[in-house]
Amino acid sequence: MFFLSMILRNALRHKLRSLLTLLGLVVAILAFGLISTVVGAWYANSEAASNARLVTRNAISLAFSVPISYQQKIRAVEGVKDITYANWFGGVYKDPKNFFPQFAIDPESYLRIYRDYLLPPDDLRNFIRDRKGCVVGRRLADTYGFKVGDQVTMKGTIFPGDWEFTVRGIYDGREPKTDTAQFFFHWELLNETMKQKFPRRANYVGVYVVEITNPDEAAAVSQGIDQIFKNSAWETLTETEQAFQLGFVSMIEAIVVAIRLMSYVVIVIILAVMANTMAMTARERLSEYATLKALGFRPAHVAALIFGESLTLAAIGAVIGIALTFPAARGFSALTGTLFPTMQVADTTVVRQVVSALVVGVLAAALPAWRAAHVKIVDGLRSIG
Amino acid sequence: MKVPLLYSYRNLWARKLTTLLTAGGMALVVFVFAAVLMLDAGLKKTLVDTGSYDNVVVTRRGAESEVQSVIDRVQANTVEAQPEVALGPGGRAQLSKESVVLISLIKRGGDKPANVIIRGTSPTGLALRPQLRIVAGRVFRPGSNEIITGRAVADRFAGAGLGEALRFGGRDWVVVGVFDAGRSGFDSEVWGDAEQLMQSFRRSIFSSVVFKLADPQAFDAFAERILTDPRLTVEAKRETRFYADQSGKLSAFISYLGLTLSVIFSIGAMIGAMITMYAAVANRTAEIGALRALGFQRYAVMLAFLAEALLLAMVGGVVGLGLASFMQFFTISTVNFQSFAELAFSFTLNPGIVLRSLLFALLMGLVGGFLPALRAARMNIVDSLRAA
C-alpha cells in the first residue's frame, strides 16, 4: 500500500509533465487502434466470406466475363447446391469520389445465396417486380440519404450511358460486419440494354457464385468446374470466395503492409517520449533513490518504484486511448462514407493496444530503473539532478 | 542583445539521452512524412514519364483507363485519317491501334495473382515510345505468339522472364525479349502483337489509338474537333496528361493517408519536445534569472529557448530525412486504382521534399518549444535567482 501511494505521488509530482506524457500516450494508442481498425476493414470482406461458396470467373482476369450459358453446366457439377451470378457495374454516382460497389444481379438466386442481406419480404417482391429497381445497403442509404422510392442516376464507366434506378428496398446485415454499403440492380436490365447497344457484350456475366453442399469438397468442385471449360473459348478459374476476396487485398498488399508498419512507428515514437520522461524523472530524483537505499531499501525496490510509475502512466494512457478508439472509429467511418465495407474495432486490436502500452511502459522504465538501482549511494546523494 | 546561439547548442549537449530520445521521436515523424511525399512523387514521376508530349491517346469518352475503353475499327480508321496525324517514312501514319487488357499472373515465389496490363501493339507503337529499349532478347515478330515483358514484370512474375512462357487466352506465349522503359509505367506491362492478342481474347475492338502529332501545337484544335465529330464517341488527351491523370486516385489516397498519419504522429513528437523543453526551463531557472540579471531582455531569453527547440527539431529533421533517403533503394508495387493493374514505382526524393520535411520538423520544434520558451521569458528575476 505504501508502495502504491508512493508511486502515485511520484507520478503527480510533475503534473504538467505527467499530463503531457499521458496525452502523448493517448494519442499514440488511439492512432495505433485506428490504423489497425482501418487495416482490418480491408480484410472485412474476406472474413465475412463463406467457405461454402466458390467464385468462378474468366481465367484471363476479372476484366473478362463468362457466358451466361455456363450457368446450367456449372449447376450440373457434382457437389454444387446453388448458383447465382453478378456483374461489377463500376458506375459513378454524381462524383467519382462517391465510391461504392454496384452489382447487376439475379435478385432471387443472389439473395437466396447471400442470406446475410436481410430485405423485408414486401421490398423484395417490389424489387423483383420492377426491372428498373435497385436495392441498397443500410450504410449506403445512410451515407447518401437514399429512401425507398427515390430515383438514382448512375453514370456508367464500363457500361456507358446514364442509368436510372428506383430504390425498391434497403437491406440490413445479419451481423455487424456484413457489408451494407452495396448497390444491387437487375442483371436483366443490364443485359437487355447491352443487347440493344452493344450486342457483342450481351449474355455475359462477371462472376458466378456457386454454393456447394460440403465445404470440404471446395477444391474438388473447383477443379470439376474448371475442367469442363478447359480449352473452351472462355476458360474459367474457380476459387473459394475467401481466396477471391483475399486476392483483392493482396493487390494492395504493399500499401497495407506499409500502413501496418506505420502503426508500429507511432508506438516507437511514443516510446521515445515516455523513455525521455522516465529518464528525466529518474535523473532528478537520483538523490532520493540514494536516500531510500541508505535507509535500507534494496535496489529492487527502487527499480520497482520507477517501473510502477511508468506502468501506471502507460495503463491510464491505454485505458483512455482504447476508450476513445470506439467513437473515433465511428467518426472515421462516417467520414470515409462507403469506401470501406465495415469499420469495426476488433478484439485483437484492443489486445494489441494493451500489449503495446505495457511494452512501452516497461521499456521506458528499463534504463532509468537500472541506473537508479545501480547508483552508488554516495554518488546518488551527491547528485543534484 | 541576443543570447549567443552557442548557449542553446551547448544545452542540447548537456543532456545527451534526453536530446537523443526527443530528436529520435521527431526523426521518426519526419521519416514518415518524407517517405509519404517520396512515394507520391515516385508514383507521379513514373506515370508522367510514361507519356510523350507529342503523342496523343484517344479513348472512349468517359473511360477512366485504356482497359475500360473500347474503340471499334471504323472509329479507329476515322482517327487515322485525321490531318494532325504525323506521317512517317513511306507516308505511313505514325499511329498505333492498341488493345489493352488485364491478365491475371502469379507472382514469383507465391500463389497470389495480380493484374498485369498486356498491350497489343505494332512496330509503329514501339517507335512511338522511344524511351523503350530492349535490354535482353529481341522484339516480338508481328503475327506471332511472341511477347516482350517490362523489366518490373519480368522480375516479379512467374513465367515472365526471357525464354519463359505465359499461358492465357488458350495459348502459350513465348517471352522473346525484356524491355526497360526508363522506370515508366510501361515497365509494368507486357507487350505483344495487337491482332494476335485480340484474336486470343476474342475481341474485335481496340482499346485506344495512339499517334504522334505532325505539329505538336495542333493538339487543342484536334481534341476540340473530334469531340464534336458525330461519327466518333471518343476523346483525346496528350499522352503526358493521360498518364498523369492515371495517378489521380492512388496519389490522392497515398497523400491523404500519409499526411493524416504524419499530423497525428507529430502530436506525439511535439509533446516530446514540449516535455523536454519544460524540463530544460525548470532545471535552469536560476540560470535564466542570472541571464536576465545580466541585462538580457525577456525576448532574448525566449529566443534562446526557441532556438534550442528549433535546433533539436532540426537534428530530428535531418536524421529523419537521412533515413528516408535510403528508401530510394526500394521499389513498391501495388495496384493502381484507376487501371486496376499492378504498377511498380520507387520512392523519389527531390529538393521540394527536402525543404518541406525540414520545414515540417521546424514547425514541430516551434509548436513544442513555444510554451516552455514563453514560461522562461515570463520568469521573475528575483524569484528565479532564488530558485537555486
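Here are three short exercises on a predicted model, each with a worked solution.

**Exercise 1: the meeting of chains A and B**

Task: Work out how many residues each chain brings to the contact, and what sort of atoms make up the buried area.

Solution:
- Start with the head count: chain B puts in 53 residues, and chain A puts in 49 residues.
- Next comes the area. Together, the two chains bury about 4,400 Å². Carbon and sulfur atoms account for 72% of that.
- Now look for charged pairs. You'll find one salt bridge between chain B and chain A. Its partners are A:Glu235 and B:Arg167, whose closest N and O atoms sit 3.8 Å apart. That pair counts because the cut-off for a salt bridge is 4 Å.
- Finish with polar contacts: ten residue pairs turn up across the interface, both residues being at pLDDT 80 or more.

**Exercise 2: chain B's side of the contact**

Task: Find which element of chain B gives the most residues to the side that touches chain A.

Solution:
- List the candidates first. The elements of chain B supplying at least two residues each are α2 (16-50), β2 (95-106), β3 (113-121), α9 (248-283) and β11 (331-336).
- Then pick the top contributor: that's α9(B), with 17 residues.
- Last, sort this side of chain B by class. You get 28 nonpolar residues, 16 polar ones and nine charged ones.

**Exercise 3: spaces inside**

Task: Describe the largest cavity and the second largest cavity by volume and by lining.

Solution:
- Count first: the structure has three cavities of 30 Å³ or more.
- Take the largest cavity. It holds about 160 Å³ of space, and 18 residues line it. Nearest its centre are B:Ile117, B:Glu189, B:Tyr243, B:Gln246 and B:Ser339.
- Which elements give two or more residues to that lining? In chain B they are β3, α8 (239-246) and β12 (341-346).
- By class, the lining of the largest cavity splits into eight nonpolar, six polar and four charged residues.
- Move on to the second largest cavity, with about 50 Å³ of space. Its lining is made of A:Phe2, A:Phe3, A:Met6, A:Leu292, A:Phe297, A:His301, A:Val302 and A:Leu305.
- In chain A, α1 (2-11) and α12 (299-336) each supply at least two residues of this lining.
- Sort that lining too: seven residues are nonpolar, one is polar, and no charged residues appear.

Conventions. Residues are numbered from 1 along each chain as its sequence is written. Chains are lettered from A and ligands numbered from 1 in the order in which they are written. This is a predicted model: local features need pLDDT of at least 70, side-chain atom pairs count only at pLDDT 80 or more; totals for chains, interfaces and linings use all residues. Side-chain values use heavy atoms; hydrogens and water are left out. Contact means heavy atoms within 4.5 Å. Buried area is the accessible area (1.4 Å probe) that two parts lose on being put together, summed over both. A salt bridge is a side-chain nitrogen of Lys or Arg within 4 Å of a carboxyl oxygen of Asp or Glu. A polar contact is a pair of N or O atoms within 3.5 Å; within protein, one must be able to donate a hydrogen and the other to accept it, and residues adjacent in sequence count only if both atoms are side-chain atoms. Helices (H or I, at least four residues) and strands (E, at least two) are DSSP runs, numbered from the N terminus. Ala, Val, Leu, Ile, Met, Phe, Trp, Tyr, Cys and Pro count as nonpolar, Asp, Glu, Lys and Arg as charged, and the others, Gly among them, as polar. On a 1 Å grid over the protein atoms alone, a cavity is a set of points where a 1.4 Å probe fits but cannot get out, and a pocket is an open set with protein on both sides within 12 Å along at least five of seven lines; lining residues have an atom within 4 Å of a point. Grid points are joined across faces, edges and corners, and a volume is the space filled by probe spheres set on the points.
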